[in-house]
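The following report describes a single chain, beginning with its charges and moving on to its fold and its domains.

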Amino acid sequence: MASTVTWACLMLALFLFISSMTCEAQLSSKFYDNTCPKALSTIRTATRTAVSRERRMAASLIRLHFHDCFVQGCDASILLDDTPSILGEKTAPNNAGSVRGYEVIDDIKSKVENVCPGVVSCADILAVVARDASVAVGGPSWTVKLGRRDSTTASLSLTDTNLPKFIDGLGRLTSLFREKGLSERDMVALSGSHTIGQARCVTFRGRIHNNTSDIDAGFASTRKRKCSLAIGSDDEKIAPLDLVTPNSFDNNYFKNLIQKKGLLQSDQILFSGGSTDSIVTEYSKSPSTFKNDFAAAMVGMGNIEPITGSQGQIRKLCSVVN
């Protein structure tokens with residue numbers, strides 16, 4: 001009797017272990033090798049074209065993947081348009097007017113559909129595009145695990161609670177990333193994506209005009225010229241997140257933070273006497289360490305709560321549920 005109970009317990013433990021691994025096991029770098037062998041090359045070519053047309057787009061495409069994964073997981077929910085039954089994420093305060101690249105994803109999806117209709121998910125396209133956009137501007141590459149499916153829902157409300165804000169302190173930032181299974185080191189590495197891209201005046205106005213203790217005076221003065229204190233006047237004017245090499249993926253972002261030249265409050269807080277100072281210092285001295293950690297963190301981010309198996313769907317158009 002005892003041996004029977006023991007055997008039953010062992011079988012139950014094995015079943016639970018296998019069940020817990022099912023989601024991860026279904027993601028594979030070779031997922032489309034047989035069903036759509038030209039998928040990755042098609043995505044890579046189209047991404048390169050988009051970035052060559054507008055260098056800033058690389059940052060936008062990486063950010064699009066990030067904003068997708070932090071809300072409902074990496075399920076392409078951010079791409080859905082509003083409908084009578086879906087209040088989407090595009091119009092959320094953290095996304096509206098700042099998240100870009102939707103039309104690039106739509107174009108890539110169209111090209112992939114021409115190669116193999118109904119096979120490759122929009123969620124996987126977002127993940128692959130982020131990697132290819134990084135490479136296109138001199139950033140690292142990584143192996144993207146594939147097999148995500150697309151959600152049939154989106155969540156406007158979760159964007160407010162799950163996405164970092166430009167005014168967040170270190171505690172909230174660390175907590176948000178930890179809730180997604182990402183470490184403090186992952187958070188700093190992923191923040192390094194701000195070595196490329198631009199930010200709107202409305203996101204850094206308060207920092208350059210009201211901060212006198214944690215910002216380089218000359219840097220603040222330069223930024224004030226195109227971002228006045230008057231709300232509404234210069235809101236949409238943009239400035240590079242990395243003032244040194246805004247179009248190249250390197251480690252100058254971290255060097256800027258040490259010099260108190262972080263554009264956003266949520267950037268500078270990473271080097272303000274807190275627990276992440278040492279990581280920023282390390283990355284400022286070793287671009288290879290930063291790039292390796294960034295690649296690893298992007299893999300980790302891409303594994304956040306994917307929809308797999310028979311769940312969800314493969315959307316024909318990324319902005320609309322089938």
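The chain carries 36 positive and 32 negative side chains, and the centres of the two sets lie 5 Å apart; Lys and Arg count as positive and Asp and Glu as negative, with His and the chain ends not counted, and each charge is placed at NZ of Lys, CZ of Arg, CG of Asp or CD of Glu. This is a predicted model, in which local features need pLDDT of at least 70 and side-chain atom pairs count only at pLDDT 80 or more, while totals for chains, interfaces and linings use all residues. Residues are numbered from 1 along each chain as its sequence is written, and side-chain values use heavy atoms, with hydrogens and water left out.

Buried residues (under 20% relative accessible area, 1.4 Å probe, protein chains only) make up 49% of the 322 residues. The C-alpha trace spans about 75 × 55 × 40 Å along its principal axes.

In helix H8 (helices are DSSP runs of H or I with at least four residues, numbered from the N terminus), Met187, Val188, Ala189, Leu190 and Ser191 are buried. The buried residues of H8 pack against helices H7, H11, H13 and H14, where contact means heavy atoms within 4.5 Å.

The domain bounds, which come from an automatic or database domain assignment, are tabulated with the residues that each domain gives to the contact.

| Domain | Bounds | Share of the contact |
|---|---|---|
| domain 1 | residues 38–163 | 21 residues |
| domain 2 | residues 170–297 | 18 residues |

The C-alpha centres of domain 1 and domain 2 lie 23 Å apart.

Technical notes. Buried < 20%, exposed > 50% of the residue type's maximum accessible area, 1.4 Å probe, protein only. Helix = DSSP H or I, 4+ residues; strand = E, 2+ residues; numbered from the N terminus.
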